[in-house]
Amino acid sequence: MPHFQLCIIGAGSGNSIIDERFDGWSVALVDDGRPFGGTCLNHGCIPTKMFVHPADLCALPADAARVGVTMTPPTADFAAIRDRIFGRIDPIAAGGEAWRAAASNVTLYRETARFVAPRTLQVGDQVVTADRFVIAAGSRVVRPPIEGLGAPAVAGRVHTSDTIMRIDALPASLVIVGGGFVAAEFAHVFAAFGTRVTVLARGDRLLRKEDAEISRRYTEAAASYVDLRLNSRATRADATPDGVRLTLEGPDGPASVEADLVLIATGRRPNGDRL
């Protein structure tokens with residue numbers, strides 16, 4: 001049974017802990033088969049901001065028109081933008097994993113783990129122990145209880161922030177379920193690229209966890225470039241010949257909305273409960 005002085009669960013922010021202070025320690029770094037480097041590098045902060053910049057450029061003509069400057073509306077080559085972004089990120093993730101695996105004092109485990117006794121971790125088919133543990137297991141997407149969302153005919157057109165940035169082509173239409181910062185960011189990106197975006201929010205405004213004035217002002221701004229459905233909840237998802245139809249409960253009674261793709265952006269849940 002391998003024993004370590006330190007075991008870190010999670011190769012995102014947890015990976016950054018292992019520096020020269022621990023050169024003389026035996027360290028286990030445990031992470032499942034997801035891309036090395038965690039959410040921020042692969043699915044979150046870094047790639048989304050790299051999408052936001054070209055989206056901002058696409059939005060320039062509308063801003064310029066307000067001050068009397070006419071610009072030709074641009075078009076976005078989504079595949080080229082995607083390939084430029086992940087052509088930079090993927091080698092960083094792969095290189096980081098190879099570099100960490102080559103460290104003489106670090107043992108890298110790329111399997112799912114769970115505690116089976118005090119200071120005892122089941123990692124795949126192995127058991128390891130350690131004097132100290134750091135839990136930096138990250139989070140996972142929360143999927144709302146929408147009937148039919150997981151049906152085979154629907155599931156292939158339903159994305160989360162983990163997958164939406166890797167799609168092959170820009171959808172003509174997109175429904176975003178959620179009203180937080182993930183929904184706000186992708187609404188801007190896809191609307192600026194030319195997609196018809198509908199945002200479904202259960203509350204009466206977007207970004208409800210932010211300052212009230214920011215939330216109110218952003219909600220007003222978003223309504224100018226997306227089809228904003230406030231106080232609305234999706235209850236059912238059905239496949240259509242070209243995409244997905246969501247049945248809604250809203251302030252005006254039952255309704256529906258159709259789109260090529262659906263993006264679920266209803267929050268994330270810490271992975272600690274899986275340990």
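Setting aside neighbours within four places in sequence, N15 is in contact with G10, L29, F36 and R100. This residue is a convenient place to enter the structure, which is a predicted model. N15 sits in the loop that runs between strand 1 and strand 2. Is N15 buried or exposed? Its relative accessible area is 15%, and because buried means under 20%, N15 counts as buried.

The two strands on either side of that loop are partners. Strand 1 covers residues 3–9 and strand 2 covers residues 27–30, and the two pair in the parallel sense over four bridges. One pair of residues can be picked out here: C7 has A28 in strand 2 as its bridge partner. In general, the strands of a sheet pair through backbone hydrogen bonds, and the pairing is either parallel or antiparallel.

Strands 1 and 2 belong to an open sheet of six strands, whose order is 3-2-1-6-5-4 and whose pairing is mixed. At its edges are strand 3 (106–109) and strand 4 (113–117), each of which pairs on one side only. From one strand to the next, the twist of this sheet averages 45°.

Strand 6 of the sheet spans residues 126–135, and Q126 lies in it. What does Q126 touch, once neighbours within four places in sequence are left aside? Its contacts are P2, Y109 and L121. The contact with P2 joins distant parts of the sequence: Q126 and P2 are 124 residues apart along the chain, yet their C-alpha atoms are 8.8 Å apart in space. Q126 has a relative accessibility of 32%, so it counts as partly exposed, a class that lies between the 20% and 50% limits.

The next topic is a pocket. In general, rolling a probe the size of a water molecule over the atoms shows where empty space is left. The second largest pocket holds about 490 Å³ of space. Its lining is made of 29 residues, and those nearest its centre are D31, D32, R34, A137 and N271. Which elements supply at least two residues each to this lining? They are helix 1 (38–42) and strand 7 (139–141). Helix 1 gives the largest share, with four residues. Sorted by kind, the lining of the second largest pocket has nine nonpolar, 12 polar and eight charged residues.

Strand 7 also leads on to another residue, since I146 is found in the loop between strand 7 and helix 4 (152–155). With a relative accessible area of 7%, I146 is buried, because this value is under 20%. Not counting residues up to four places away in sequence, I146 touches A234, T235, R236 and A237. For another pair, I146 and T198, the separation is 52 residues in sequence and 17 Å in space, C-alpha to C-alpha.

A second open sheet has three strands in the order 12-13-14, and its pairing is antiparallel. Its edge strands are strand 12 (233–239) and strand 14 (253–259), each pairing on one side only. The twist in this sheet averages 25° from one strand to the next. The residues touched by I146, namely A234, T235, R236 and A237, fall within the range of strand 12, 233–239. How many bridges join strand 13 to strand 14? Seven bridges join them, with strand 13 covering residues 244–250 and the two strands running antiparallel. Among the residues paired in this way is R245, whose bridge partner in strand 14 is E258.

Note on methods:
Residues are numbered from 1 along each chain as its sequence is written. This is a predicted model: local features need pLDDT of at least 70, side-chain atom pairs count only at pLDDT 80 or more; totals for chains, interfaces and linings use all residues. Side-chain values use heavy atoms; hydrogens and water are left out. Two strands pair if DSSP finds at least two bridges between them. Axes are lines fitted to C-alpha atoms, for helices over the stretch in contact, and angles run from 0 to 180 degrees between N-to-C directions. Buried means under 20% relative accessible area, exposed over 50%, partly exposed in between (1.4 Å probe, protein chains only). Contact means heavy atoms within 4.5 Å. On a 1 Å grid over the protein atoms alone, a cavity is a set of points where a 1.4 Å probe fits but cannot get out, and a pocket is an open set with protein on both sides within 12 Å along at least five of seven lines; lining residues have an atom within 4 Å of a point. Grid points are joined across faces, edges and corners, and a volume is the space filled by probe spheres set on the points. Ala, Val, Leu, Ile, Met, Phe, Trp, Tyr, Cys and Pro count as nonpolar, Asp, Glu, Lys and Arg as charged, and the others, Gly among them, as polar.
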